[in-house]
Amino acid sequence: MIDIFTGGSKLRFIALAILLVALITLPFWVTGIYYINVGSQILFYAVFALGLNILVGYAGLVSLGHAGLFGISAYATGYMLQLGAGHGTAIAVALIIGVASMAVFAVLSLRSSGIGFIMITLALGQILWGLAYRWISVTGGDNGISVRGRPAPFGFSLSEPINFYYVSLIVFLVAVIMVAIFVRSPFGAALMGTRDQPRRMNALGYHVWMIRFYACLFSGLLTAVSGILFVYYTNFISPQTLALTSSAEVLLMVISGGPGTLLGPIVGATLVVIIKTVVSGFIERWNFLLGAIFVAIVILVPEGIVPGAIRLWGLITRKRAATPTASAATTERTP
Amino acid sequence: MNFWIVLTVNSVTFGGLLFLLASGFSLIFGLMRIPNLTHGSLFMLGAYVGGSIVIGLFGVKLNFWLAAVLASLTVAALGAVIERFLLRQLPGDQLAQVLVTLGISFMAADFCLMIWGGDPMSVATPEGLGGFARVGAAVFPMYRLAIIAIAVVVAVALWMLLDRTRLGAMIRAGVDDPDMARVVGIRVSQLFTIVFALGAGLAAFAGIIGGPILSVYPGLDQDMLPLALLVVIIGGAGSLLGSFVGSILVGFIYNFGQALLPELAYFVLFLPMLLVLLLRPQGLFGRHVP
């Protein structure tokens, strides 16, 4: 089980153990509710990025409509609570609606792959945004929906920032383990096969469309989960959350960290949330910076920060061992 | 009765504007195989620049039509710069090119917000077109009829360009088979810049022409881009006829949707897209699935 993460390497095991302990003890050595809340944000955005990475990284399908799916789960939660449903019901309905919307997205957009997939998911995401903005009787239009209170399972009230952080952490860890198992499973291997060699996979008897469809559903599930955490975190949902900018933000998390790696989206989410939080305290121009970082990463570090760092690390250690056969080309760009 | 006539005229007008926007988008898509996600921003930028020149910008104050031409040329030059200096860095990597256009669109939107602020800017209807034309009992705003006329003129001009000139033949060859076009000596990468600039200029022209009826506001780019995407998904990439039919269709559905089901106007657009994707994934007049 642990081997999934460490690949049997002692060094990685120690690094992961330290990281885990740091995450668990974070509320004790970080002073101030503000930073604990930033920690919670990083965790649920990381779940979102892990979900998108299933498609972008492992399936080679770039979606620009994921904020729509994220938002529809958040809206479903808010709307159900507004109708007077309990938290359990609201969450269950939101999960079902999130995954069902993803299924509709997938049926329409999997008619093509590559650029066509981007276009169709973008158009669908914008339609959901338009719906959130205009369908005022359900969504409240520009005013959004406010959610009062967070759930308190077994008397463990999530209104406390620390408690919310721990629940986010548990959800995050479960998501990481699920993705890790998924990637190592035969199904994960088949999915990466459809990314690299769809025609060969087809010839080998794999149902390429179906494999991609299931990957979409898994991605949709993680997206819905993060959307629900988001709406409980902010206690508010408005059309802005579904805008193209939000889809681009989460895509930036994936491609800046490194698509097709487990750690990449987590690092990317951490970076983007921190930059966004810090920068928006000083200047108003977050969107300009988002665009500039996007262009810079795509042109300068196309493989992402994590694979880039691994490549550099590999070059450094190999130089020391004086083996000239550098196999740095293993981190080829995935999409 | 009058209600329906007005709605129809509005739909055709909006369809005409969409055609100006989407024809360039479709040509860029057909030739370079990328959806240019800056297209909404170029539309908005054209509207802002043109509107500012009409009011007076750096001491330049022109009438509406000259301002429209100047704004279109400025944005076309910007398009050429984007293609030459950014997209050219990533030859053949379509995904990266799309992401770059996405990044630029955010920068452009924020730039407009920084320069022109958050309040909508209204563009005055050009002189002489503020009145109404009466046909029997029906009354049409002159300016809307003028937009329809302009869209038809541009459509014919584009068709002549693509069908009757050497440049058009080269573009068509590039759309059909870029490798073969290169083999016979067409400099396809030069065509990329020309088509990108042409598309950018057309988008900006649509923006300023649409200014008097849509007004200009932050977020206009994100309102228009999905419509251009829909036109291309419905009409088929790289097809002028497809853009024309798709634009009119989307114009009608959008306007009728807004009048009859205002809350679901955006959602109704989903239906033609659904039908086309299910029955004819390459679009009504497209040759291949993108």
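What covers the buried residues of α14(A)? The cover includes α12 of chain A together with α4 (94–116) of chain B. This is a predicted model, and the points below take up the contact between chains A and B, helix α14(A), the domains of chain A and the surroundings of S73(A).

**Contact between chains A and B**

- On the chain A side 35 residues are in contact with chain B, where 40 residues take part.
- Four helices of chain A, namely α6 (115–134), α7 (136–139), α12 (244–257) and α14 (286–300), each supply at least two residues of the side that touches chain B.
- The largest share of that side, 12 residues, comes from α6(A).
- Sorted by class, the side of chain A that touches chain B holds 24 nonpolar, 8 polar and 3 charged residues.

**Helix α14(A)**

- The 15 residues of α14(A) should span 21 Å at 1.5 Å a residue, and this agrees with the 20 Å between its end C-alpha atoms.
- Buried in α14(A) are N287(A), L290(A), G291(A), F294(A), V295(A), I297(A) and V298(A).
- These buried residues lie on the same side of α14(A), because they cover an arc of only 165° around the axis.
- Helix α14(A) is also one of the elements that supply at least two residues to the side of chain A touching chain B, and α4 of chain B is among the elements that cover its buried residues.

**Domains of chain A**

- Chain A is divided into domain 1, residues 1–30, and domain 2, residues 33–330.
- Taken over C-alpha atoms, the centres of the two domains are separated by 22 Å.
- Contact between them involves 6 residues of domain 1 and 9 residues of domain 2.
- On the domain 1 side, the elements giving two or more residues are α1 (3–6) and α2 (10–29) of chain A.
- With 3 residues, α2(A) gives the largest share of that side.
- By class, the side of domain 1 that touches domain 2 has 6 nonpolar residues, no polar and no charged ones.

**Surroundings of S73(A)**

- S73(A) sits in helix α4 of chain A, which runs over residues 66–82.
- S73(A) counts as buried because it has 31 C-beta neighbours inside 10 Å, where 20 or more are needed.
- Apart from its neighbours within four places in sequence, S73(A) is in contact with A94(A), I97(A), G98(A), A224(A), G227(A) and I228(A).
- F230(A) is 157 residues from S73(A) in sequence, while their C-alpha atoms are 9.6 Å apart in space.

Terms used. Residues are numbered from 1 along each chain as its sequence is written. Chains are lettered from A and ligands numbered from 1 in the order in which they are written. This is a predicted model: local features need pLDDT of at least 70, side-chain atom pairs count only at pLDDT 80 or more; totals for chains, interfaces and linings use all residues. Two residues are in contact if their C-beta atoms, placed from the backbone, lie within 7 Å. Ala, Val, Leu, Ile, Met, Phe, Trp, Tyr, Cys and Pro count as nonpolar, Asp, Glu, Lys and Arg as charged, and the others, Gly among them, as polar. The expected span of a helix is 1.5 Å times one less than its number of residues. A residue is buried if 20 or more other C-beta atoms lie within 10 Å of its own, exposed if 12 or fewer, and partly exposed in between; C-beta atoms are placed from the backbone. The arc is that of the directions from the helix axis to the C-beta atoms. Domain bounds come from an automatic or database domain assignment.
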